[in-house]
Amino acid sequence: MTLLSRRSALAAVSALMLAACGGSDNGSTTGVAAITKGDHVKGSENAPVTIIEYASPTCPACRYFHDDILPELTEKYVNTGKVKFVFREYPIHEPDVPAYVLAMCAGEDKFFDVLDDLFANQVGVVTAAQNGTLKGALQTIGKRHGIETTAQFDACMENREYRTALADKYQVATEKWGVDSTPTFIVNGEKHLFQGETSSADAFSKYIDRLLGEAAPAETEAAAPAEDAAPQPTQAGDDAGVPETTDQP
């Protein structure tokens, strides 16, 4: 199956009529983001704080959040029942759709394992897309998570149910929440870009503590300056080194 270029808003979903939107300001939105079918959730159903992340597996800032911020938040808040973390796919580069379809094919119990693998091999996936060998790179990842044969992989890539689900999430993200870059967070119904209080583990923790009505933890010298350490968020339409080729799964 071929992927269209960025100009047609993420191939592989072409038949699903996705379209990138323009820029939008950070700030409050109306309504609380309800958990829906197809969301990938960690934490207690009754947690007082819900964090929804819209992310791309080829976005460097998303990998930074995944590797350097989320583990601390998970230990302090998700595992203790204070925060429910919800991951939603927001594909903005050509490899993102087949990468997410692969994770969905592996099954909900393995979704986060495949996501971990995709982020750990982000550079390799992007390089494979540049070289026209994305199918092989994703097949290698799939084999580690139960998608072992070429037939299984091809059937996975042709699964229109998963592609429709991705299109629906993309539409909600852009139309309801004004998402146009990754990562974007919806925290208890309020939209936040990857900046300020969401761009480091220390700042995000203080923000969550305020929502919980708890005293902020003491300052530590180990806290990294977010503006210097964190990659910039990726805008929908940024190529981030990913070519507009069609030689993809």
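This section describes the fold, the nonpolar cores, the disulfide and selected backbone features of a predicted model.

The chain comprises nine helices and eight strands. Of its 249 residues, 49% count as buried. The exposed surface of the chain amounts to about 11,000 Å², with 49% of this area supplied by carbon and sulfur atoms. When contacts between residues at least 6 apart in sequence are considered, 78% join residues at least 24 apart.

In soluble globular proteins, nonpolar side chains tend to be buried together. The largest nonpolar core in this model contains 46 residues. Within this core, the residues that touch the most other members are Ile51, Phe65, Ile69, Phe85, Phe87, Leu102 and Phe204. Helix H1, spanning residues 60-78, gives the most to the core, contributing nine residues. A second core, separate from the largest, has ten residues, among them Ile52, Ile92, Tyr170 and Ala173. Ile51 and Ile52 are thus listed for the largest core and for the second core, respectively.

The surroundings of leucine 102 were examined with residues up to four places away in sequence left out. On that basis, leucine 102 touches Val114, Leu138, Ile141, Gly142, Ile147, Phe153, Cys156 and Met157. Three of the residues in this list, Phe153, Cys156 and Met157, are the buried residues of helix H6. They cover an arc of only 95 degrees around the helix axis and therefore lie on the same side of H6. The elements that cover the buried residues of H6 include H2, helix H5 (134-143) and helix H7 (160-176).

Helix H6 also takes part in the disulfide, of which the model has one. The bond joins cysteine 105 to cysteine 156, with an S to S distance of 2.1 Å. Cysteine 105 belongs to helix H2 (residues 96-105) and cysteine 156 to helix H6 (residues 150-157), so the pair ties together parts that are 51 residues apart in sequence. The torsion about the S-S bond is about 105 degrees, and the disulfide is therefore right-handed. The two cysteines fall into separate accessibility classes. Cysteine 105 has a relative accessible area of 23% and is partly exposed, because buried requires a value under 20%. Cysteine 156, with a relative accessible area of 4%, is buried. Two further cysteines are also buried: cysteine 59 has a relative accessible area of 0%, and cysteine 62 likewise has a relative accessibility of 0%.

Strand E6 (184-187) pairs with strands E3 and E7. Strand E3 (residues 49-55) and E6 run antiparallel and are joined by four bridges. In this pairing, valine 187 of E6 is the bridge partner of isoleucine 51. Isoleucine 51 is also one of the residues that touch the most other members of the largest nonpolar core. Four bridges likewise join E6 to E7, and these strands too run antiparallel. Here phenylalanine 185 stands opposite histidine 192 in E7.

In a regular strand the side chains alternate between the two faces of the sheet. In E6, Thr184 and Ile186 point one way, whereas Phe185 and Val187 point the other way. All of these residues are buried.

Most residues other than glycine have a negative phi, and most peptide bonds are trans. Departures from both tendencies occur beside E6. Preceding this strand, a cis peptide bond joins threonine 182 and proline 183, with omega about -5 degrees. Proline 183 lies in the loop between strand E5 (181-182) and E6. At the other end of E6, asparagine 188 has a positive phi, near 50 degrees. Asparagine 188 is located in the loop between E6 and strand E7 (190-193). E6 and E7 form a hairpin with two residues between them, and asparagine 188 lies in the turn. The relative accessibility of asparagine 188 is 36%, so this residue counts as partly exposed.

A further loop position concerns asparagine 46, which is found between strand E2 (40-42) and E3. With a relative accessibility of 69%, asparagine 46 counts as exposed. Asparagine 46 and valine 83 are 37 residues apart in sequence, and their C-alpha atoms are 8.7 Å apart in space.

Terms used. Residues numbered from 1 in each chain as written. Predicted model: local features only at pLDDT ≥ 70, side-chain atom pairs only at ≥ 80, totals over all residues. Heavy atoms only, no water. Core = buried A, V, L, I, M, F, W, Y, C linked by side-chain atoms within 4.5 Å. Buried < 20%, exposed > 50% of the residue type's maximum accessible area, 1.4 Å probe, protein only. Contact = heavy atoms within 4.5 Å. Disulfide = S-S within 2.5 Å. Areas by Shrake-Rupley, 256 points an atom, 1.4 Å probe, with all protein chains shown as cover. Pairing = 2+ DSSP bridges. Arc of directions from axis to C-beta.
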